[in-house]
Amino acid sequence: MIREDLRNIAIIAHVDHGKTTLVDELLKQSGTFRQNEQMDERAMDKNDLEKERGITILAKNTAVHYNDAKINILDTPGHADFGGEVERILKMVDGVLLVVDAYEGCMPQTRFVLKKALEQNLTPVVVVNKIDRDMTRPKEVVDEVLDLFIELGANEEQLDFPVLYTSAIKGTASTSHENQDHDMTLVFDKIMDHVPAPLDTSDESLQCQVTMLEYDDYLGRIAVGRVSRGIIENGQRVALVKRDGGVKKCRISKMYGYLGLQKQEISQAAAGDVIALAGLEDVNVGETVCPEDNPEPLPAIRIDEPTLQMTF
Ligand code: GDP
(Lines give C-alpha, C1' and ligand atoms only; values in the text may rest on other atoms or scores of the structure.)
Protein backbone atom coordinates (compact mmCIF):
# COMPACT_ATOMS: atom_id res chain seq x y z
CA MET A 1 0.00 0.00 0.00
CA ILE A 2 1.19 3.51 -0.76
CA ARG A 3 -0.04 6.92 0.29
CA GLU A 4 -1.06 8.23 -3.09
CA ASP A 5 -2.24 11.48 -1.50
CA LEU A 6 1.18 12.47 -0.14
CA ARG A 7 4.54 13.51 -1.60
CA ASN A 8 7.67 14.63 0.24
CA ILE A 9 10.24 16.61 -1.72
CA ALA A 10 13.26 18.74 -0.97
CA ILE A 11 14.25 21.72 -3.02
CA ILE A 12 17.94 22.00 -3.78
CA ALA A 13 19.89 24.71 -5.60
CA HIS A 14 22.90 26.95 -5.72
CA VAL A 15 22.28 30.18 -3.82
CA ASP A 16 20.30 32.81 -5.80
CA HIS A 17 19.06 30.40 -8.47
CA GLY A 18 15.50 31.07 -7.29
CA LYS A 19 14.52 28.48 -4.69
CA THR A 20 12.73 30.95 -2.44
CA THR A 21 10.92 32.71 -5.26
CA LEU A 22 9.82 29.36 -6.68
CA VAL A 23 8.44 28.11 -3.37
CA ASP A 24 6.62 31.41 -2.74
CA GLU A 25 5.00 31.10 -6.14
CA LEU A 26 4.09 27.43 -5.62
CA LEU A 27 2.44 28.39 -2.33
CA LYS A 28 0.50 31.19 -3.99
CA GLN A 29 -0.62 29.21 -7.00
CA SER A 30 -1.67 26.18 -4.99
CA GLY A 31 -4.18 28.43 -3.23
CA THR A 32 -2.58 27.55 0.07
CA PHE A 33 -2.63 31.26 0.81
CA ARG A 34 -6.08 32.72 1.04
CA GLN A 35 -6.51 35.52 -1.44
CA ASN A 36 -6.58 38.23 1.18
CA GLU A 37 -3.63 36.81 3.06
CA GLN A 38 -0.52 38.87 2.63
CA MET A 39 2.83 37.23 2.28
CA ASP A 40 4.78 39.72 4.29
CA GLU A 41 7.79 37.52 4.64
CA ARG A 42 9.39 35.39 2.03
CA ALA A 43 8.73 31.75 2.62
CA MET A 44 12.15 30.41 3.22
CA ASP A 45 14.19 33.35 4.28
CA LYS A 46 13.11 34.09 7.82
CA ASN A 47 16.22 33.59 9.82
CA ASP A 48 18.28 36.66 10.70
CA LEU A 49 21.57 34.87 10.48
CA GLU A 50 20.50 33.64 7.10
CA LYS A 51 19.78 37.16 5.96
CA GLU A 52 23.05 38.38 7.34
CA ARG A 53 25.03 35.83 5.43
CA GLY A 54 22.77 35.77 2.41
CA ILE A 55 22.47 32.02 2.57
CA THR A 56 19.74 29.73 3.73
CA ILE A 57 20.99 27.86 6.75
CA LEU A 58 18.05 26.97 8.93
CA ALA A 59 15.77 25.01 6.70
CA LYS A 60 12.10 25.86 6.61
CA ASN A 61 9.37 23.37 5.96
CA THR A 62 6.32 24.25 3.92
CA ALA A 63 3.45 22.26 2.48
CA VAL A 64 0.78 22.74 -0.15
CA HIS A 65 -2.43 21.03 -1.05
CA TYR A 66 -2.67 20.18 -4.73
CA ASN A 67 -5.92 18.60 -5.87
CA ASP A 68 -6.46 15.90 -3.23
CA ALA A 69 -2.81 15.53 -2.32
CA LYS A 70 -0.50 17.13 0.17
CA ILE A 71 3.05 17.98 -0.91
CA ASN A 72 5.60 18.68 1.82
CA ILE A 73 8.38 20.89 0.47
CA LEU A 74 11.54 20.93 2.55
CA ASP A 75 14.15 23.60 2.01
CA THR A 76 17.83 22.66 2.11
CA PRO A 77 20.86 24.78 2.89
CA GLY A 78 23.14 24.94 -0.15
CA HIS A 79 26.27 25.65 1.79
CA ALA A 80 28.87 22.91 2.24
CA ASP A 81 29.21 23.75 5.96
CA PHE A 82 25.78 22.23 6.45
CA GLY A 83 26.33 18.91 4.76
CA GLY A 84 24.92 17.00 7.70
CA GLU A 85 21.70 19.00 7.66
CA VAL A 86 21.32 18.50 3.91
CA GLU A 87 21.75 14.74 4.34
CA ARG A 88 19.18 14.58 7.10
CA ILE A 89 16.63 16.57 5.12
CA LEU A 90 17.18 14.37 2.09
CA LYS A 91 16.45 11.31 4.23
CA MET A 92 12.94 12.68 4.84
CA VAL A 93 11.97 12.96 1.17
CA ASP A 94 11.33 10.74 -1.84
CA GLY A 95 12.36 13.20 -4.52
CA VAL A 96 14.01 16.57 -5.13
CA LEU A 97 13.48 19.64 -7.26
CA LEU A 98 16.89 20.71 -8.54
CA VAL A 99 16.68 24.39 -9.43
CA VAL A 100 19.31 25.68 -11.88
CA ASP A 101 19.61 29.21 -13.27
CA ALA A 102 19.03 29.22 -17.05
CA TYR A 103 21.91 31.66 -17.50
CA GLU A 104 24.43 30.61 -14.86
CA GLY A 105 24.02 26.87 -15.19
CA CYS A 106 25.60 24.42 -12.75
CA MET A 107 27.53 26.04 -9.92
CA PRO A 108 29.48 24.61 -6.94
CA GLN A 109 26.46 24.26 -4.66
CA THR A 110 24.45 22.67 -7.48
CA ARG A 111 27.08 19.98 -7.56
CA PHE A 112 27.27 19.64 -3.79
CA VAL A 113 23.52 19.19 -3.21
CA LEU A 114 22.98 17.07 -6.32
CA LYS A 115 25.72 14.69 -5.20
CA LYS A 116 23.98 14.26 -1.86
CA ALA A 117 20.59 13.68 -3.52
CA LEU A 118 21.98 11.08 -5.92
CA GLU A 119 23.71 9.31 -3.03
CA GLN A 120 20.34 9.03 -1.30
CA ASN A 121 18.95 7.40 -4.43
CA LEU A 122 16.56 10.26 -5.10
CA THR A 123 15.42 11.06 -8.63
CA PRO A 124 15.46 14.80 -9.30
CA VAL A 125 13.00 16.86 -11.28
CA VAL A 126 15.20 19.49 -12.92
CA VAL A 127 13.85 23.04 -12.94
CA VAL A 128 15.67 25.43 -15.27
CA ASN A 129 14.63 28.75 -13.77
CA LYS A 130 14.83 32.44 -14.77
CA ILE A 131 13.95 31.51 -18.33
CA ASP A 132 12.60 35.05 -18.73
CA ARG A 133 16.08 36.56 -18.38
CA ASP A 134 18.15 37.86 -21.27
CA MET A 135 20.96 35.68 -22.54
CA THR A 136 19.67 32.43 -21.12
CA ARG A 137 21.13 29.24 -22.60
CA PRO A 138 18.61 26.57 -21.56
CA LYS A 139 19.79 23.81 -23.91
CA GLU A 140 23.39 24.16 -22.83
CA VAL A 141 22.36 24.29 -19.19
CA VAL A 142 20.43 21.02 -19.51
CA ASP A 143 23.49 19.45 -21.16
CA GLU A 144 25.61 20.70 -18.27
CA VAL A 145 23.16 19.20 -15.80
CA LEU A 146 23.24 15.88 -17.64
CA ASP A 147 27.07 15.88 -17.65
CA LEU A 148 27.05 16.58 -13.94
CA PHE A 149 24.62 13.70 -13.30
CA ILE A 150 26.92 11.36 -15.26
CA GLU A 151 30.02 12.61 -13.51
CA LEU A 152 28.39 12.12 -10.12
CA GLY A 153 27.50 8.53 -10.96
CA ALA A 154 23.73 8.83 -11.44
CA ASN A 155 21.93 5.57 -12.17
CA GLU A 156 19.74 5.05 -15.24
CA GLU A 157 16.54 6.06 -13.53
CA GLN A 158 18.13 9.24 -12.22
CA LEU A 159 19.56 10.07 -15.66
CA ASP A 160 16.05 9.98 -17.05
CA PHE A 161 15.16 13.16 -15.18
CA PRO A 162 12.26 15.31 -16.33
CA VAL A 163 13.04 18.96 -17.11
CA LEU A 164 10.84 21.99 -16.59
CA TYR A 165 11.62 25.52 -17.67
CA THR A 166 10.27 28.15 -15.32
CA SER A 167 10.14 31.80 -14.55
CA ALA A 168 9.50 31.71 -10.83
CA ILE A 169 9.25 35.47 -10.80
CA LYS A 170 6.46 35.49 -13.39
CA GLY A 171 4.85 32.31 -12.08
CA THR A 172 5.10 30.42 -15.36
CA ALA A 173 6.38 27.00 -16.43
CA SER A 174 6.72 24.81 -19.50
CA THR A 175 8.20 21.53 -20.64
CA SER A 176 9.76 23.45 -23.56
CA HIS A 177 12.31 26.22 -23.39
CA GLU A 178 10.62 27.93 -26.31
CA ASN A 179 7.46 29.02 -24.58
CA GLN A 180 6.01 29.55 -21.13
CA ASP A 181 2.52 28.23 -21.65
CA HIS A 182 1.66 26.90 -18.20
CA ASP A 183 1.34 28.16 -14.71
CA MET A 184 3.15 26.56 -11.79
CA THR A 185 0.66 23.72 -11.48
CA LEU A 186 2.83 22.01 -14.08
CA VAL A 187 5.51 21.73 -11.37
CA PHE A 188 3.00 19.99 -9.09
CA ASP A 189 1.95 17.62 -11.88
CA LYS A 190 5.59 16.63 -12.44
CA ILE A 191 6.09 16.09 -8.71
CA MET A 192 2.97 13.91 -8.52
CA ASP A 193 4.07 11.90 -11.58
CA HIS A 194 7.76 11.47 -10.82
CA VAL A 195 8.18 11.44 -7.07
CA PRO A 196 7.23 8.14 -5.43
CA ALA A 197 4.44 8.21 -2.85
CA PRO A 198 5.46 7.10 0.67
CA LEU A 199 4.74 3.53 1.72
CA ASP A 200 1.82 3.08 4.05
CA THR A 201 3.16 1.11 7.00
CA SER A 202 0.54 2.20 9.54
CA ASP A 203 0.22 -1.32 10.92
CA GLU A 204 3.88 -1.50 11.94
CA SER A 205 5.49 -0.31 15.15
CA LEU A 206 6.09 3.46 15.32
CA GLN A 207 9.48 4.90 14.39
CA CYS A 208 10.14 8.58 13.82
CA GLN A 209 13.66 9.94 13.83
CA VAL A 210 14.22 13.53 14.88
CA THR A 211 16.02 15.28 12.02
CA MET A 212 15.65 18.95 12.92
CA LEU A 213 14.84 21.04 15.95
CA GLU A 214 12.69 24.12 16.17
CA TYR A 215 12.17 26.22 19.25
CA ASP A 216 9.00 27.69 20.66
CA ASP A 217 9.00 30.18 23.57
CA TYR A 218 6.14 28.36 25.30
CA LEU A 219 6.63 24.77 24.25
CA GLY A 220 10.42 24.58 24.24
CA ARG A 221 12.14 22.25 21.84
CA ILE A 222 10.06 21.04 18.94
CA ALA A 223 11.29 17.88 17.27
CA VAL A 224 10.81 17.61 13.52
CA GLY A 225 10.96 14.36 11.61
CA ARG A 226 9.27 12.06 9.17
CA VAL A 227 7.26 9.16 10.53
CA SER A 228 9.04 6.26 8.91
CA ARG A 229 6.83 3.51 10.30
CA GLY A 230 3.52 3.18 12.10
CA ILE A 231 1.25 5.89 13.43
CA ILE A 232 1.58 8.47 16.18
CA GLU A 233 -1.12 10.27 18.14
CA ASN A 234 -1.17 13.48 20.05
CA GLY A 235 -1.11 12.76 23.78
CA GLN A 236 0.55 9.40 23.24
CA ARG A 237 3.18 8.21 25.68
CA VAL A 238 6.35 7.34 23.80
CA ALA A 239 9.89 6.14 24.33
CA LEU A 240 12.56 8.49 23.08
CA VAL A 241 15.68 6.49 22.26
CA LYS A 242 18.68 8.73 22.85
CA ARG A 243 21.81 8.65 20.72
CA ASP A 244 23.69 6.72 23.43
CA GLY A 245 20.98 4.05 23.46
CA GLY A 246 19.32 5.27 26.66
CA VAL A 247 15.53 5.49 26.71
CA LYS A 248 13.49 8.39 28.03
CA LYS A 249 9.74 8.11 28.57
CA CYS A 250 7.82 11.17 27.38
CA ARG A 251 4.33 12.25 26.38
CA ILE A 252 3.55 14.04 23.12
CA SER A 253 1.91 17.28 24.25
CA LYS A 254 1.29 18.79 20.83
CA MET A 255 1.66 17.52 17.31
CA TYR A 256 1.80 19.53 14.10
CA GLY A 257 1.88 19.07 10.37
CA TYR A 258 2.86 21.83 7.95
CA LEU A 259 0.57 23.86 5.74
CA GLY A 260 1.72 26.88 3.79
CA LEU A 261 4.19 28.68 5.98
CA GLN A 262 2.50 27.60 9.18
CA LYS A 263 2.38 24.63 11.47
CA GLN A 264 -1.06 23.18 11.94
CA GLU A 265 -2.13 21.15 14.98
CA ILE A 266 -3.01 17.57 14.12
CA SER A 267 -4.18 14.67 16.27
CA GLN A 268 -2.69 11.76 14.34
CA ALA A 269 0.05 11.17 11.78
CA ALA A 270 1.11 8.10 9.83
CA ALA A 271 4.13 6.74 8.01
CA GLY A 272 5.25 9.28 5.42
CA ASP A 273 4.05 12.38 7.25
CA VAL A 274 6.50 15.12 8.20
CA ILE A 275 5.60 16.26 11.68
CA ALA A 276 6.69 18.50 14.54
CA LEU A 277 6.35 17.25 18.12
CA ALA A 278 6.29 19.07 21.44
CA GLY A 279 6.64 17.40 24.83
CA LEU A 280 9.92 15.61 24.20
CA GLU A 281 12.02 17.22 26.87
CA ASP A 282 15.71 17.75 26.00
CA VAL A 283 15.20 16.06 22.67
CA ASN A 284 18.10 16.08 20.21
CA VAL A 285 18.62 15.46 16.54
CA GLY A 286 19.22 11.80 15.74
CA GLU A 287 16.99 10.38 18.49
CA THR A 288 14.10 8.07 17.64
CA VAL A 289 10.49 8.32 18.85
CA CYS A 290 9.07 4.81 19.42
CA PRO A 291 6.17 3.17 21.24
CA GLU A 292 6.76 2.90 25.00
CA ASP A 293 6.92 -0.87 24.82
CA ASN A 294 9.10 -1.17 21.71
CA PRO A 295 12.05 1.25 21.82
CA GLU A 296 13.75 0.34 18.55
CA PRO A 297 16.02 3.16 17.30
CA LEU A 298 16.76 4.03 13.69
CA PRO A 299 20.43 4.02 12.62
CA ALA A 300 22.58 6.99 13.61
CA ILE A 301 22.56 9.99 11.30
CA ARG A 302 25.25 12.56 10.59
CA ILE A 303 25.28 15.55 12.92
CA ASP A 304 28.12 17.99 12.56
CA GLU A 305 27.08 21.50 11.69
CA PRO A 306 27.45 24.54 13.92
CA THR A 307 23.72 25.33 14.10
CA LEU A 308 23.16 22.26 16.25
CA GLN A 309 25.59 23.44 18.85
CA MET A 310 23.24 26.29 19.71
CA THR A 311 21.94 25.80 23.23
CA PHE A 312 18.26 26.51 23.72
P1 GDP B 1 17.46 31.50 -3.56
O2 GDP B 1 18.73 32.00 -2.96
O3 GDP B 1 17.69 30.28 -4.39
O4 GDP B 1 16.35 31.31 -2.58
O5 GDP B 1 17.02 32.59 -4.64
P6 GDP B 1 15.88 33.70 -4.60
O7 GDP B 1 14.53 33.11 -4.76
O8 GDP B 1 16.11 34.56 -3.39
O9 GDP B 1 16.21 34.51 -5.93
C10 GDP B 1 17.44 35.17 -6.13
C11 GDP B 1 17.21 36.37 -7.04
O12 GDP B 1 16.80 35.92 -8.31
C13 GDP B 1 16.12 37.30 -6.55
O14 GDP B 1 16.49 38.62 -6.85
C15 GDP B 1 14.90 36.90 -7.36
O16 GDP B 1 13.99 37.95 -7.55
C17 GDP B 1 15.55 36.49 -8.67
N18 GDP B 1 14.73 35.48 -9.37
C19 GDP B 1 14.22 34.35 -8.88
N20 GDP B 1 13.53 33.68 -9.82
C21 GDP B 1 13.63 34.42 -10.94
C22 GDP B 1 13.12 34.27 -12.28
O23 GDP B 1 12.43 33.31 -12.63
N24 GDP B 1 13.46 35.24 -13.19
C25 GDP B 1 14.23 36.31 -12.86
N26 GDP B 1 14.49 37.19 -13.83
N27 GDP B 1 14.70 36.49 -11.62
C28 GDP B 1 14.40 35.57 -10.68
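**Two sites in a predicted model**

Strand E10 makes the biggest contribution to the lining of the second largest pocket, giving three residues. The structure described here is a predicted model, and this pocket is a pleasant place to begin a tour of it. Both strand E9 (207-216) and strand E10 (220-229) supply at least two residues of the lining of the second largest pocket. The space inside the second largest pocket comes to about 390 Å³. It is lined by 19 residues, of which Lys91, Met92, Arg226, Ser228 and Leu298 are the closest to the centre of the pocket. By class, the lining of the second largest pocket consists of 11 nonpolar, five polar and three charged residues.

Arg226, one of the residues closest to the centre of that pocket, also leads to Asp94. The side chains of Arg226 and Asp94 are joined by a polar contact of 3.0 Å. Asp94 sits in the loop that runs between helix H3 (83-90) and strand E4 (95-101). Leaving aside residues up to four places away in sequence, Asp94 touches Asn8, Leu122, Val195, Pro196 and Pro198 as well as Arg226.

The ligand offers a second site to explore. Around the ligand there are 15 residues, and those that come nearest are Asp16, Lys19, Thr20, Thr21 and Asp132. Sorted by class, the shell around the ligand holds three nonpolar, six polar and six charged residues. Helix H1 (residues 19-29) gives the most to this shell, contributing three residues.

Several polar atoms of the protein can be placed against the ligand. On the backbone side, a polar atom of Asp16 is 2.8 Å from an oxygen atom of the ligand, and a backbone N or O atom of Gly18 is 3.0 Å from a ligand oxygen atom. The side chain of Asp132 takes part too, with an N or O atom 2.7 Å from a nitrogen atom of the ligand. Taken alone, the ligand would expose 580 Å², and the protein buries 77% of that area.

How values were computed:
Residues are numbered from 1 along each chain as its sequence is written. This is a predicted model: local features need pLDDT of at least 70, side-chain atom pairs count only at pLDDT 80 or more; totals for chains, interfaces and linings use all residues. Side-chain values use heavy atoms; hydrogens and water are left out. A residue is near a molecule or strand if one of its heavy atoms lies within 4 Å of it. A polar contact is a pair of N or O atoms within 3.5 Å; within protein, one must be able to donate a hydrogen and the other to accept it, and residues adjacent in sequence count only if both atoms are side-chain atoms. Accessible areas come from the Shrake-Rupley method with a 1.4 Å probe; for residues, only the protein chains shown count as cover. Helices (H or I, at least four residues) and strands (E, at least two) are DSSP runs, numbered from the N terminus. Ala, Val, Leu, Ile, Met, Phe, Trp, Tyr, Cys and Pro count as nonpolar, Asp, Glu, Lys and Arg as charged, and the others, Gly among them, as polar. On a 1 Å grid over the protein atoms alone, a cavity is a set of points where a 1.4 Å probe fits but cannot get out, and a pocket is an open set with protein on both sides within 12 Å along at least five of seven lines; lining residues have an atom within 4 Å of a point. Grid points are joined across faces, edges and corners, and a volume is the space filled by probe spheres set on the points. Contact means heavy atoms within 4.5 Å.
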